[in-house]
Every structure is written in structure tokens, then in C-alpha cells.
Amino acid sequence: MKQVVQNYKSGELALLDVPVPGCKPGGVLVRSAYSLISTGTELMKVSEAGMSMVGKARSRPDQVAKVMQSVATNGVPATYRKVMGKLDSYTPLGYSLCGVVEQVGAGIDDVKVGDVVACAGNEHALHAELNWVPKNLYVPVPDGLAPRHAAFGTVGSIAMQGVRQGEPQLGEVALVIGLGLIGQLVVQLLTASGVRVVGADPDAARCELAERLGAVACGDPASTAVETAVAELTDGHGVDQVYLAAGGGSNQPVELAARLCRDRGRVVDIGKCRLDLPWNAYYEKELDVRFSRSYGPGRYDPAYELEGRDYPIGYVRWTERRNLACFLDLLARDRVDVEPLISHIADFDDAVETYQRLKDGDLKAVAVLFRYPEHAGEAGHTEAPQVAVPAVAVSTRNMKRGPARAAKAPVRLAFVGAGNYATSMLLPHLAQRDSVELSTVVTTTALSAANAQRKFGFADATTDLDAVLGDKSIDAVFVVTRHSSHAELTRRALLAGKAVFVEKPLALTEDDLAGVLAAVEESGNDRLQVGFNRRFAPLLQEARKRFGTRSGPANLRYLVNAGRLQHGSWYLQQGTEGSRFAGEGGHFIDTASWLLDADPESVYAVATSGNEDLQVVLRYPDGSTATISYVTTGPAGFPKETLDLVADGRALRLDDFVRASVYDGRGKRWVSSRLPKARDKGQNAELAAFIKAVRSGGPMPVPLESLVATTAATLAVQTGLAGGVPVTLARA
């Protein structure tokens, strides 16, 4: 299928061939009929992409701050790779469309194949021939409503949420500053609510259009026309509400709002404009400044948007889905008219040219629609796997190892998942190896597969996992997806006879772990590696060698300054993806067990700060202990990982993978001679060891028993937190 994409680094726009997205549970696969170009938001993004790197940095200071934090935590080289990887990738455009349901995912019962739906979301309602849309981001289109009109649903919801934030009352007067697409819709919604509207925009044609659609008067904000109209309509008191629907870097809109708003009036920011509030003006009138967040309550909440958890109507009357349905109802009842807003309808095949004309100013438009081919085709997709997550007791098992299967040269690899970690930490190393052939990348979203194929040279990109697992020429499968799918995808790949590299965690529950081990038993295939890379870090390997063997028990302290996650991160979706420690704690347990050369026999865990900060104590058979302090509330500038190991009168210290030292009983010490060029946490060496094992048919880099023990110990942390007592790791 085809999709409109942009490379944010170069500014290139393209109509790209990408795989068809999979129809996951909890949503529907929609074939687009019409999609709407947001002439404000999207053109701003297109314009930013054409800027120099300095210009991009100036336009997004929030992103610059994140980059600087990443430099402090991960170092310059790793941050550079991460940032360049994101910039030099295709990103999608679009967020408002209407289409026909082509397939219904598990758990969906409110629509059926063939129904017409309006869809929202900048990750789900893209300018693409097919989109997977979760339940709370689509609504059925009322009978008789034209699909090209229903395609306005998302921008209509944005305008509606802005109006709701203003709390208009019958008979009031409102000022709308900025009469672009959103502003025109705000004018109509206010008029339908019994509010008299004055509009302000420097474009005379847009002012005339707003007056045709219900505004009492409109004019250039630089003239006296707007102030005169407000004075006449309000007897000089000023408007009750001002709606900022303008963009750009001028501070004129907020200054005009203060001048024309009545005492204790409301100012609602809908667009992205400069907001240097003149303090005296806003203070003296005690103006109520409000922000309107996109389509309404539920926006940016993964539990609502991705998991389909609705808010009870008694507590949240207007969610983004209810706003979307309400706007379509107004359209169907002719209370709002979007036909006059449509300046141009372009065939989807002409998408790149259309964007260029808009950017260059050759096409002046309020709203532009893409019209898609009316033919229907085969979707060619598979449903994403489902993983149950029940609570179980913790145990480990010793497995009978199956026969090794020697791989051909070069080793042919398939990647399931192509997110940030895969593209910044794994694929750059693999793409440089002559002994490796990147065969196929599998994702549920089409564009991520296409990006990985373009950047790393995969021979094929698809959303069909079954075809990959059935391809006998593929030697190994990398599972680099979200945590909840790791165990099931690993189980399927093992049963298909593949060597498997799964990024941590291997499993989120004991049932998941048992399922993986059952697949090993059933298939006789134990060719499994989990992405516990720190034991492969060159600096730590050298320090361990310098420390030497020990005869007595050891004490190990590992401080992990994990830091806070950004709001909306999928790592915070504990209901489906497990806790943060369940997701990455295996890294630190594996490192401790490798340094102590044993598997833990018990786990004790306590938590502070609402289970965000953890103290995990591991006890080993020879009396050694390892304490892992996993904190999310530490300062951002403090090193992420520090480790101390003391035994037999000797000590080993690791400082965030940039320096290591060893002290012996005679007062002598070894210190790493120079700072490494980057924080090498072992990914490259780990991948080299895995590829070597696959090619030779030799043992995997880490024994299966150790992978299982580390996973079981990680799972035991949650059990220990719930019970408040140590958990014994019994070996069957």
C-alpha cells in the first residue's frame, strides 16, 4: 500500500510503498476514502523539516533539552546515533480521515466489515491507503453523511473541545482570532450555540468566508474594524470569550485578546501561537486563560486510546470519541457546514505535489482533501499475538538442551519489531557485519518496517509474521517488540526451529516463562539468547579479569538511577507491559549473577515512593549478596549506573561504563587507562557472540539455565513486594 511520509532531516516528502498494517485486537483495519490535510499543523511540520539543523533546534527547544539530558545520561556518540536515527527516518503525516472497515479485530463488536467510520489520531488516521485504528479513535458515520465531510471529524473535535473549554452561554459574544480551518469551525460551533461571533484575520477572503458561515463581523486585527464591532455588540464591555486559533510567532493575538476581552472574561488557546502574556493587562482584568488539549479528554492517555478503556460518562461527559461522534451528528443535521471550507480535492497519487504547492503558496486553501482509489484489495495481514498475564508462583526449571542447528553463512536474520532500541542499538552493529544478511523486518505498523528496510538494507519488509517463521532460509529471529509480546513471539519462533534473540524481558509472568520452556522441550530447540548485554561490556569484562577469582562470599551494590519516564511512555502501561523493573531489571540481576558466577537462590524486595523506587536484595548459594537500588527519583545529572563489588579484601568499582577500577589487598589498584569514546554497554560484543553461535552451531553465549534463573528472579521481585517476605527460588 501507499503512504505519505516525510524525512524530518532532509525535508523530503514521498509517497512510499509500505507493508499493510496488521489488524490487532481492540481495533479495526480501515481503507481510506478521504483524508484531510491540516493546513495549519501539518504545513508547520513540513516547513520545520525544510529548516537547517539550527533552525530545527530553535523551533523545538523542548526537544533540544531532551537531547542534552540524553547526552548527560548516555554520552555524545549514543545520543548522536539516536537523534540522527530519528531525524533520518520517514515520519507519517495526517490525523483525520474517513474510510471503510476492511477487517475487525478481536474484541470489537460495534462495527462490522463494510461500515463507514471517521478516524482520528496522528498515529492511526494517517494519509495512507490502510490504517489500523483502535476503538476509541473511530466512530461510525451517520447515514447520509458524505465521506468527504466525515473526514473533517478530527479537526471538528479539536474545534469543539476548544469551544467547550470556553463554556459559552446563550447570548454571549465571542472573538475568534485566526480564521483558518480550526477558526472557521469554531465560528460555526459558537453560532450554533447561540453566541454572536466576531472574527479577526488578516486574510480578507477568510473573513468573508467566516461571515458567510455565521460570524456577525470580521476584519483585519490591525484595523479598527474588529474593535468597533466588539464595542457595538457588547456596549463597550468587551467579549465574553476569546478563542486563539492562530499560529506563528507574533504576540499580537494575546495582546488583542486582553484588549477586547471583558473583565474576568475567558481566553482559550487552541492553536500554537506565541503566548507572552502582558501581565498588567491580564492581571487587571483577571482574565481566565485556558488551554484546549486537542480532541478532548482521553488524548495522550494510552489506556484510553490504545487499550480502549472508556471514561464513565457520569464523570467525563465529553471524551475525544464522544466529541468526534457529536461533531459528525452536527454535520449530519446540517448544523455545521464544511463544504465551503473545501478549497481543493486532490487524488492521493498527487499527494507530494499537493503538499509542495501548499508549502510554496501556489495553492491557497483552508482545507484540502486527499481522495483515495475506490477499489478494495486483499489486506494481507496477521493479527498480533495475545499474551495472558495471570499471577503465579515463582520457580525455575532445568531444561534438557535440544540439538544445535548449524546456520549457513552468511547468517540470515529476521527482525520482529523495529523501534528505537532496535534501530539505534542493534541494527547499526549488525548492518556492518559481512557475516550477516538482513532478510526481513516484520512490524505491525507499515512505516516502521519501511524505514528499517530503507536504512539498514533489509531485503523485505512485511507485517506477515507467519510467512517469516515459515521461511526455512531464515536462521535467526530477533524479537524487539513491546514487553508483553516477548514470550509468545519467542515461543513461536522456537517452535519454528529458529535461533532466537529476544530483547529483555524474556517473560512477564511465570506462565509466560513456562510457555517458552515448554516450546524448548517440544521442539528440542534451545537456541535462545536474551538481550542481557552488560556482561559483554568490554570495560566490565576487563575489570572482572583484573579482580580475579575469589574464595569467600562477596558483597555487591548496584545503584541504578533510572530516572523518570515521560508522560505517555508505553513503559508506564503496567497493566499490559508490566512494571518498569519487570521490563529492565533483568539487566542488573544478570550482571550481578555473572560477576558472582552463580544464580540467586532468594529475592527480597521493598519499595518506596509508590513502588517506583526499589531495593532488591539477592542471596546466592555461597553466602554472597547483591543489593540493587533501582530509583526513578534521582537527579538527572547523576550517573545512571554505578557498581561496587567487595570480596577477599579486594574491591571492584564501575562508574557508568566510562571508568572502572580494582583495588587489591596490598593497596595497589588498577584504573582504566582512559575514558572510552562512548558508554559501551556490550551490545556489539553480545551480537557478535550470538552470530558466532548461530553460524557454528556451538553453545549460546549465556546458558539457558542462567537466562531462566535471571528471569525468575526478576519476576520474584513483584511477588516479594506483594508479600513483604523473601521469595525462595526453588529449582525443579
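This report walks through a predicted model of one protein chain, from its overall make-up to a few single residues.

## The chain as a whole

Let us begin with the broad picture. The chain has 732 residues, and 54% of them are buried. Its secondary structure comes to 24 helices and 31 strands.

Two more values describe the chain. Of the contacts between residues at least 6 apart in sequence, 70% join residues at least 24 apart. The exposed surface comes to about 30400 Å², and carbon and sulfur atoms supply 51% of that area.

## Parallel strands β12, β13 and β14

A good place to start looking is strand β12, residues 239-244, which pairs in the parallel sense with strand β13, residues 261-269, over five bridges. Within this pairing, Gln241 stands opposite Arg266 in β13. To get from β12 to β13 the chain passes through helix α10, residues 252-260, and this β-α-β crossover is right-handed.

Strand β13 also pairs with strand β14, residues 288-291, again in the parallel sense, here over four bridges. Asp269 stands opposite Phe291 in β14. Together, β13, α11 and β14 make a right-handed β-α-β unit.

## Helix α11 and its stacked rings

Helix α11 covers residues 279-285, and both Trp279 and Tyr283 lie in it. These two residues are four apart, about one turn of the helix. Are Trp279 and Tyr283 buried or exposed? Both of them are exposed.

The chain has 13 aromatic pairs. One of them is formed by Trp279 and Tyr283, whose rings are stacked, with 4.5 Å from centre to centre and 10 degrees between the planes. Why does this pair count as stacked? The angle of 10 degrees between the planes is under 30 degrees, so the pair falls in the stacked class.

## Strands β15 and β16, with helix α14

Further along the chain, strand β15, residues 342-347, runs parallel to strand β16, residues 367-371, and five bridges join them. Ile342 stands opposite Ala367 in β16. The chain crosses from β15 to β16 through helix α14, residues 351-360, in a right-handed β-α-β crossover.

Thr354 is a residue to look for in helix α14. Its relative accessibility is 5%, so Thr354 counts as buried. Which residues is Thr354 in contact with, once its neighbours within four places in sequence are left aside? They are Ile37, Ala346, Leu363, Val368 and Phe370.

## More aromatic rings

Elsewhere, five phenylalanines come together: Phe415, Phe458, Phe478, Phe501 and Phe690 form one aromatic cluster.

Two other rings have a charged partner. The charged end of Lys24 sits over the ring of Trp132, at 4.4 Å from the centre of that ring. In a similar way, Arg321 lies over the face of Tyr138, with 5.1 Å to the ring centre.

## Around helix α19

Helix α19 spans residues 510-523 and includes Leu517. Leu517 has 2% relative accessibility and therefore counts as buried. How far apart are Leu517 and Leu494 in sequence and in space? They are 23 residues apart in sequence, and 9.7 Å separates them in space, C-alpha to C-alpha.

The loop between β21 (499-502) and α19 is the place of Pro505. The peptide bond leading from Lys504 to Pro505 is cis, with omega near 0 degrees.

## Two loop residues with positive phi

Two residues are worth a visit for their backbone angles. Glu167 is found in the loop between α6 (153-166) and β9 (173-177). Its phi is near 50 degrees, a positive value in a residue other than glycine. With a relative accessible area of 44%, Glu167 is partly exposed.

Asp597 lies in the loop between α22 (580-596) and β24 (602-608). Asp597 is not a glycine, yet it has a positive phi of about 55 degrees. Is Asp597 buried or exposed? Its relative accessibility is 64%, so Asp597 counts as exposed.

Technical notes
Residues numbered from 1 in each chain as written. Predicted model: local features only at pLDDT ≥ 70, side-chain atom pairs only at ≥ 80, totals over all residues. Heavy atoms only, no water. Phe/Tyr/Trp six-rings, centres within 6.5 Å; stacked < 30°, edge-to-face > 60°. Buried < 20%, exposed > 50% of the residue type's maximum accessible area, 1.4 Å probe, protein only. Lys NZ or Arg CZ within 6 Å of the ring centre and 35° of its normal. Pairing = 2+ DSSP bridges. Right-handed = clockwise from strand over helix to strand, strands pointing away. Contact = heavy atoms within 4.5 Å. Areas by Shrake-Rupley, 256 points an atom, 1.4 Å probe, with all protein chains shown as cover.
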